[in-house]
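Q: I am new to this structure and would love a close look at a single part of it. Could you walk me through one strand and its surroundings?

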Amino acid sequence: MKFIHTADWHLGKLVHGIYMTEEQRYILEQFIALVEDEKPDAVVIAGDLYDRSVPPTEAVELLDEVLFRINVELNTPVIAVSGNHDSAERLSFGSSWYKHSHFYLKGKLSNEFTPVNVAGVNFHCIPFAEPGTVRQLLGDDSIHSHHDAMRAIIERIQENIHGDGPHVFVGHAFVLGGKTTDSERTLSVGGSGCVGSELFEPFHYTAMGHLHSPDALKHDTIRYSGSLMKYSFSEASQRKSVTVVEMKENGSFELSERILKPRQDMRELQGHLEELLDPAFYQSQKTDDFLKVTLHDEGTLIDPINKLRQVYPNVLHLERKLELTDAKKKNSFNVIEDKKKTELELFKEFYSDMTTGEFSTSKQEVLEKVIEKARKEAFEA
C-alpha cells in the first residue's frame, strides 16, 4: 500500500507579527493536488496540525476545508495525531464518528492501543502527551521522562501486536539525535524531552512529527517528514517536502519525496545597504520573499528598514554585522554589555513576535509595575 507522511502544518502560525494562513493555504492547495495525483491509500499527519491550542478562526476553517477535500471529496483515509502545539481535547472532538468516513484522528491519549488497519497496514497512533499524563493514565510510577513514557506506551502496544501485515508507528516526539531549529517548542528542560530510537524497533516504519526538517534524523526506519513551510530563519536553507511511503507486505518500504514550493520563500540576504538597493542586484531577486537582512555597513544608517522595504516589502528582520578590527576586539566585552536589553525591551520584542496588536503606553505602564513588583519581592526574599 501507499501512504503520504506529513506533519507540522502549524496552521495559524504567527511569524514576526504576520499570520501565515494564506501562505499555508497556497501550500496546502499543492498538497491536495499531490493527493489527487498520487491516489494514496492513506494520508498520515504526525501532529501539530495547529500552531497553538486555541488557533485563530481562519486556521480552523482552513483545516476543516482541507481535510474535507482530502477525506470526502478525494475519498482518501486520513490518519492523524495531535502534537505538542495542539489541544488534545479540541482535536478529539468528533473522533468517534469521524471513523465512519475513514478519518482516524487521535487527539487524546487513552488506554485503547488497538491499531488502525488500512489496506493491510496497522497504524499505531500515539498523540503527544506529557510524562505526568502517561504516568497517571497507565498507573506507572516509574515514568518520569518522555523516554520512560514512550517505553511504557510501546510496551502496551506490543501486547496488542497480533496478526499479519506491517506495523507503522505514528507519533510526535523528539527522537534522540535529531537536529532542531528555532521553530520547535522545547518539550522539556535538559534531555528529559528526548526518546531513544531503539524504542521503535518493533515497528517497520515510524512516521514522526515535531522536527521540521526531513533530514533531522538519519535512521533506517524512523523518519521526520518535516514541516510544510519554513517557520523561522533557522529553516531558511531547508527544503520542505512530504514523504511518499510504498509499504510492502513483508514490512519493507521505499521512500520518495515530493517538494512543496511556497508562494513567498523565507530566506536571508546580506551585504551593504547600497549594494542591496542597487537595481543590478535586486532585479535578479524575488523581492517579495520573507527576508532576514544582515547589513555589513559600519557607522550610522538613516532609516535602513524603510529604505529596504521600498524594494523588499517583506523584510521581517534586520540586523547589523560589524566586523571587529584588532583595535576594537579589546572592547568587545563592552560592545556585548551595551547590547543587553532590559526586561521591558525583551517583553516588547516577545509581544511583537506573538501578536499583531500595538504595545500601547497603558500596556507598558502595567508591565513596568509588574516588573517593579517582581524586583521588590526578589530583593525582599
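A: Happy to! Let's begin with histidine 212: its relative accessibility is 1%, so this residue counts as buried, since buried means under 20%. Please keep in mind that the model is predicted. Histidine 212 sits in the loop that lies between strands E12 and E13. Its side chain also has a partner: a polar contact of 2.9 Å links it to the side chain of glutamate 235.

From that loop, let's step back to strand E12 itself, which spans residues 205-209. The strand is mostly covered, with 5 of its 5 residues buried. You can check this on both faces: Tyr205, Ala207 and Gly209 are buried on one side, and Thr206 and Met208 are buried on the other.

Now for the strands that pair with E12. One of them is E9, made of residues 167-172, which runs parallel to E12 and is joined to it by 5 bridges. To find this pairing in the 3D view, look for histidine 172, which stands opposite glycine 209 of E12. Another partner is E13, residues 222-224, which pairs with E12 in the parallel sense over 3 bridges. Here a handy landmark is methionine 208, whose bridge partner in E13 is tyrosine 224.

Tyrosine 224 leads us to another loop. Glycine 178 is 46 residues away from tyrosine 224 in sequence, while their C-alpha atoms are 9.2 Å apart in space. Glycine 178 belongs to the loop between strand E10 (174-175) and strand E11 (194-195). With a relative accessibility of 16%, glycine 178 counts as buried, because the cut-off for buried is under 20%. Leaving aside residues up to four places away in sequence, glycine 178 touches Leu211, Ala216 and Leu217.

A last word on confidence. Across the protein chain the mean pLDDT is 88, and 88% of the residues reach 70 or more. Over residues 323-328, however, the pLDDT is below 50, and this stretch has 5 contacts in the model beyond near neighbours in sequence. Residues 332-338 also stay under 50 in pLDDT, and there the model has 1 contact beyond four places in sequence.

To retrace the tour in your viewer, start at histidine 212 in the loop between E12 and E13, go back to the buried residues of E12, and then follow the bridges to E9 and to E13.

Key
Residues are numbered from 1 along each chain as its sequence is written. This is a predicted model: local features need pLDDT of at least 70, side-chain atom pairs count only at pLDDT 80 or more; totals for chains, interfaces and linings use all residues. Side-chain values use heavy atoms; hydrogens and water are left out. Buried means under 20% relative accessible area, exposed over 50%, partly exposed in between (1.4 Å probe, protein chains only). Helices (H or I, at least four residues) and strands (E, at least two) are DSSP runs, numbered from the N terminus. Two strands pair if DSSP finds at least two bridges between them. A polar contact is a pair of N or O atoms within 3.5 Å; within protein, one must be able to donate a hydrogen and the other to accept it, and residues adjacent in sequence count only if both atoms are side-chain atoms. Contact means heavy atoms within 4.5 Å. pLDDT is the predictor's confidence in each residue, from 0 to 100.
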